[in-house]
Amino acid sequence: MSRATLWILGGIFAIVLAICVAGAVLALSAANEDIDVNLGTDEFEIPQVVSRAELVADEGALRFADPTGGSRPIIVNHVGEDAETGWVAVLAIAPGTDSCIVDWDNDDGLFRDCEGETYPPDGEGLDQFATRVEDDTLFIDLGRGRDDEQAPDATTDDSIVITGDD
């Protein structure tokens with residue numbers, strides 16, 4: 001065998017080995033519920049909170065497909081007069097379900113799910129994401145999914161819900 005052939009075979013072997021190791025790691029992580037795979041940032045940013053609060057007051061809550069590219073759409077609402085506080089970010093899927101969509105009912109000023117169940121503007125009863133405002137930007141912590149017992153209490157005035165991209 002020539003030297004070039006040995007290099008090619010060695011390269012192919014290295015690639016196959018890397019694929020096998022990656023597959024084994026993914027298989028182990030899928031089988032273990034205690035392992036969390038986090039890619040990218042856990043926070044979704046919405047700039048210009050003052051104009052966003054005005055938009056919500058005029059047109060209703062903001063809707064976003066899952067900003068992480070997954071299957072967790074969110075809705076962001078604002079309650080109160082102060083654009084720095086009163087943000088609510090909720091999962092747009094009803095608690096205890098996998099597919100019952102929650103939406104903002106602009107006519108009634110509340111959240112409503114696919115079964116007709118209603119939730120107040122502050123998102124009480126819905127899965128919420130922690131929020132904070134810094135430098136005219138709203139930050140929504142998307143790193144904690146449903147059923148995370150360690151998720152912070154997001155029912156304060158600092159919580160927010162956001163849906164869509166701007």
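Visitor: Along strand S9, which side chains point to one face and are buried?
Guide: This is a predicted model, and S9 covers residues 131-134. The side chains of this strand alternate. Arg132 and Glu134 point to one face and are not buried. Pointing to the other face, and buried, are Thr131 and Val133.

Visitor: Over how many bridges do S9 and strand S10 pair?
Guide: S10 spans residues 137-141. Its pairing with S9 runs in the antiparallel sense, and Glu134 stands opposite Thr137 of S10. The number of bridges between S9 and S10 is four.

Visitor: In the hairpin of S9 and S10, which residue takes a positive phi near 50°?
Guide: The hairpin has two residues between its strands. Asp136, placed in the loop between S9 and S10, has a positive phi of about 60° although it is not a glycine. The residue with the value near 50° is Asp135.

Visitor: Does Asp136 count as buried, partly exposed or exposed, and at what relative accessibility?
Guide: Asp136 is in the loop between S9 and S10. Buried would require under 20% and exposed over 50%, with partly exposed in between. Asp136 therefore counts as partly exposed, at a relative accessibility of 33%.

Visitor: At what relative accessibility does Thr137 count as buried?
Guide: Thr137 belongs to strand S10. Leaving aside residues up to four places away in sequence, Thr137 touches Glu45, Ile46, Pro47, Val49 and Arg132. The cut-off for buried is under 20% relative accessible area. Thr137 falls in that class because its relative accessibility is 14%.

Visitor: Which residue that is not glycine has a positive phi near 60° and lies in the loop between strand S1 and helix H2?
Guide: Strand S1 covers 43-47 and helix H2 covers 49-59. The residue in the loop between them is partly exposed, with a relative accessible area of 45%. Its phi is near 60°, and the residue is Gln48.

Visitor: Which residue is joined to Cys100 by a disulfide?
Guide: The count of disulfides comes to one. The S to S distance in this link is 2.0 Å, and the angle about the S-S bond is -125°, which is left-handed. The partner of Cys100 is Cys114.

Visitor: How many residues apart in sequence are the parts that Cys100 and Cys114 tie together?
Guide: Cys100 lies in the loop between strand S4 (87-91) and strand S5 (102-105). Cys114 lies in the loop between strand S6 (110-113) and strand S7 (118-119). The pair therefore ties together parts whose separation in sequence is 14 residues.

Visitor: Is Cys114 buried or partly exposed, and at what relative accessibility?
Guide: Cys100, at the other end of the disulfide, is buried with a relative accessible area of 7%. Partly exposed is the class between 20% and 50%. Cys114 counts as partly exposed, with a relative accessibility of 47%.

Visitor: Which are the edge strands of the open sheet formed by three strands?
Guide: The order in this sheet is S5-S6-S7, with antiparallel pairing. S5 and S6 pair over four bridges, and Asp105 stands opposite Leu110 in S6. Each edge strand pairs on one side only, and these strands are S5 and S7.

Visitor: In the open sheet of four strands, which strands stand at the edges?
Guide: The strands follow the order S2-S3-S4-S8 and the pairing is antiparallel. An edge strand here has a single partner strand, so one of its sides is left without a neighbour in the sheet. The strands in that position are S2 (62-64) and S8 (128-129).

Visitor: In S3, which residue is the bridge partner of Leu62?
Guide: Strand S3 holds residues 74-78. S2 and S3 pair in the antiparallel sense over three bridges. Across from Leu62, the bridge partner in S3 is Val76.

Visitor: What distance separates the C-alpha atoms of Val102 and Leu91?
Guide: Val102 is in strand S5 and counts as buried at 2% relative accessibility. Apart from residues up to four places away in sequence, Val102 touches nine-listed neighbours including Ile75, Leu91, Phe111 and Leu126. Val102 and Leu91 are eleven residues apart along the chain, and their C-alpha atoms are separated by 7.8 Å.

Visitor: What is the area of the nonpolar surface patch that includes Leu6?
Guide: Leu6 has its place in helix H1, residues 3-31. The patch is made by Met1, Leu6, Ile8, Leu9, Ile12 and Val16. Its area is about 630 Å².

Definitions and conventions:
Residues numbered from 1 in each chain as written. Predicted model: local features only at pLDDT ≥ 70, side-chain atom pairs only at ≥ 80, totals over all residues. Heavy atoms only, no water. Buried < 20%, exposed > 50% of the residue type's maximum accessible area, 1.4 Å probe, protein only. Pairing = 2+ DSSP bridges. Patch = residues over 30% accessible without salt bridge, like charges linked within 9 Å, V, L, I, M, F, W, Y side chains within 5 Å. Areas by Shrake-Rupley, 256 points an atom, 1.4 Å probe, with all protein chains shown as cover. Salt bridge = Lys/Arg side-chain N within 4 Å of Asp/Glu carboxyl O. Contact = heavy atoms within 4.5 Å. Disulfide = S-S within 2.5 Å.
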